[in-house]
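User: I am new to this structure and would like to learn how to read its features one at a time. Could you take me through them, giving the general idea before each case?

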Amino acid sequence: MFKLALLGRDIGYTRSPKIHEVIATAIGESIEFHVVDVTYDMLESTVGTLLSDFDGFFVTKPYKYDVKKYLDCDISGGINVVRSRDKKVFNTDGDGFIHALDRNFPSWNGDVSSVLVMGAGGAAYSVVSSLVEAGKKVYILNRTLMRAVKLCSLTKAELYVNQPTELAVNCTSLGTAGEDVLHSLCVLPSFKYAFDLVYAQAVTPFMRRAMDAGATVTNGTDMLIYQAIIGDGLLLGKDLNVEEVYNKVREILKDLGE
């Protein structure tokens, strides 16, 4: 049995245990999955425990950058997967995001030339990097300007000052408790596509406003599943067919009424 965990803070809403349990069923493995919700003062000791007692762990908000200081790694941006046996780190968010875009918006690549990304944390770095790599013009809007400027300097993105974009992506946590990110950041919902990384609600206020304005929308569930599948492959040492496993996971979740 593989022993895995999710490390974060204030993550009681997470669906990760169920998702990883279903992935294990889909690939014929056995996974014991723990949620490790700790305050910052406990982070260093917790990382040490996870490295010694677990096969690997996933990292979520707000520690995708902080965990790097306890590991010998030179990866740019945040990390979301740590493999214990060799202390190697990965970020599967970007690949998971692109898989989810392709799944939910099949023609997005041809339709989208520019993107608004809201947020400047670890998930935003992965999303922005993936979009820039795909040849898209990316604009960043964040409540803290200096963090947006820093992300721009790292990724060749630009600051958002009301440029028209076809796709908007919410990489903040606004929406988890029903907040409206567009209202908070004073943005009008004039997009063709809207992607909310928040998955705690089936339809977030951001998605609802974008839908009402005519956009095609999705929440972060598919990205969660895809990045988890890719991460489990890395931690379990398996070369997984991501789409094949995804289809099996969705079938199992449907049978479970989820």
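Analyst: Let us begin with pockets: a pocket is an open set of grid points with protein on both sides within 12 Å along at least five of seven lines, and its volume is the space filled by probe spheres set on those points. Please keep in mind throughout that this is a predicted model.

User: What volume does the largest pocket have, and which residues lie nearest its centre?

Analyst: The volume of the largest pocket is about 970 Å³. Its lining is made up of 40 residues, and those nearest the centre are Thr60, Lys61, Lys64, Ala123 and Cys171. Two or more lining residues come from each of α1 (16-27), β3 (56-59), α5 (122-133) and α9 (221-236), and α9 gives the most, with 3 residues. Sorted by class, the lining holds 17 nonpolar, 15 polar and 8 charged residues.

User: Which elements give two or more residues to the lining of the second largest pocket?

Analyst: The second largest pocket has a volume of about 240 Å³, and among the residues that line it are Ile75, Asn91, Asp95, Tyr125 and Glu133. The elements that give two or more residues here are α3 (93-104) and α5, with the largest share, 5 residues, coming from α5. By class, this lining has 3 nonpolar, 7 polar and 2 charged residues.

User: How should I read burial, and is threonine 172 buried or exposed?

Analyst: A residue counts as buried when its relative accessible area is under 20% and as exposed when the value is over 50%, with partly exposed in between. Threonine 172 has a relative accessible area of 11%, so it is buried, and its place is in the loop between β9 (167-170) and α7 (181-184). Its side chain makes a polar contact of 2.7 Å with the side chain of asparagine 170. Once neighbours within four places in sequence are set aside, threonine 172 is in contact with Met118, Gly119, Arg143, Val181 and Val198.

User: How do valine 59 and valine 132 read on that scale?

Analyst: Valine 59, which is found in strand β3, has a relative accessible area of 3% and is therefore buried. Not counting residues up to four places away in sequence, valine 59 touches Leu6, Leu7, Lys64, Val67, Ile79, Asn80 and Val82. Valine 132 is in helix α5 and is partly exposed, because its relative accessible area is 24%. Leaving aside neighbours within four places in sequence, valine 132 has contacts with Val138 and Thr155.

User: How far apart in space are the residues of the pairs valine 59 and valine 181, and valine 132 and alanine 157?

Analyst: Separation along the chain and separation in space are read as two values for each pair. Valine 132 and alanine 157 are 25 residues apart in sequence and 7.5 Å apart in space, taken from C-alpha to C-alpha. For valine 59 and valine 181 the separation is 122 residues in sequence and 23 Å in space, again C-alpha to C-alpha.

User: Which residues touch the most other members of the largest nonpolar core?

Analyst: A nonpolar core is a set of buried residues of certain nonpolar kinds, joined through their side-chain atoms. The largest one has 58 residues, of which Phe97, Leu101, Val117, Leu131, Leu167, Val169 and Phe195 touch the most other members; its largest share, 9 residues, comes from α9. Taking leucine 101 as a case and leaving aside neighbours within four places in sequence, its contacts are Pro106, Trp108, Leu131, Leu167 and Phe195. There is also a second, separate core of 18 residues, which includes Leu141, Tyr160, Leu182 and Phe206.

User: Finally, which backbone angles should I look at?

Analyst: The general idea is that most residues other than glycine have a negative phi, and most peptide bonds are trans. In this model the peptide bond from lysine 61 to proline 62 is cis, with omega near -5°, and proline 62 lies in the loop between β3 and β4 (81-83). Asparagine 162 has a positive phi of about 70° although it is not a glycine; asparagine 162 sits in the loop between β8 (158-159) and β9, and with a relative accessible area of 61% it is exposed. Cysteine 186 has a positive phi near 60° and lies in the loop between α7 and β10 (193-196), where its relative accessible area of 67% makes it exposed.

Terms used: Residues are numbered from 1 along each chain as its sequence is written. This is a predicted model: local features need pLDDT of at least 70, side-chain atom pairs count only at pLDDT 80 or more; totals for chains, interfaces and linings use all residues. Side-chain values use heavy atoms; hydrogens and water are left out. On a 1 Å grid over the protein atoms alone, a cavity is a set of points where a 1.4 Å probe fits but cannot get out, and a pocket is an open set with protein on both sides within 12 Å along at least five of seven lines; lining residues have an atom within 4 Å of a point. Helices (H or I, at least four residues) and strands (E, at least two) are DSSP runs, numbered from the N terminus. Ala, Val, Leu, Ile, Met, Phe, Trp, Tyr, Cys and Pro count as nonpolar, Asp, Glu, Lys and Arg as charged, and the others, Gly among them, as polar. Buried means under 20% relative accessible area, exposed over 50%, partly exposed in between (1.4 Å probe, protein chains only). A polar contact is a pair of N or O atoms within 3.5 Å; within protein, one must be able to donate a hydrogen and the other to accept it, and residues adjacent in sequence count only if both atoms are side-chain atoms. Contact means heavy atoms within 4.5 Å. A nonpolar core is a set of buried Ala, Val, Leu, Ile, Met, Phe, Trp, Tyr and Cys residues joined through side-chain atoms within 4.5 Å.
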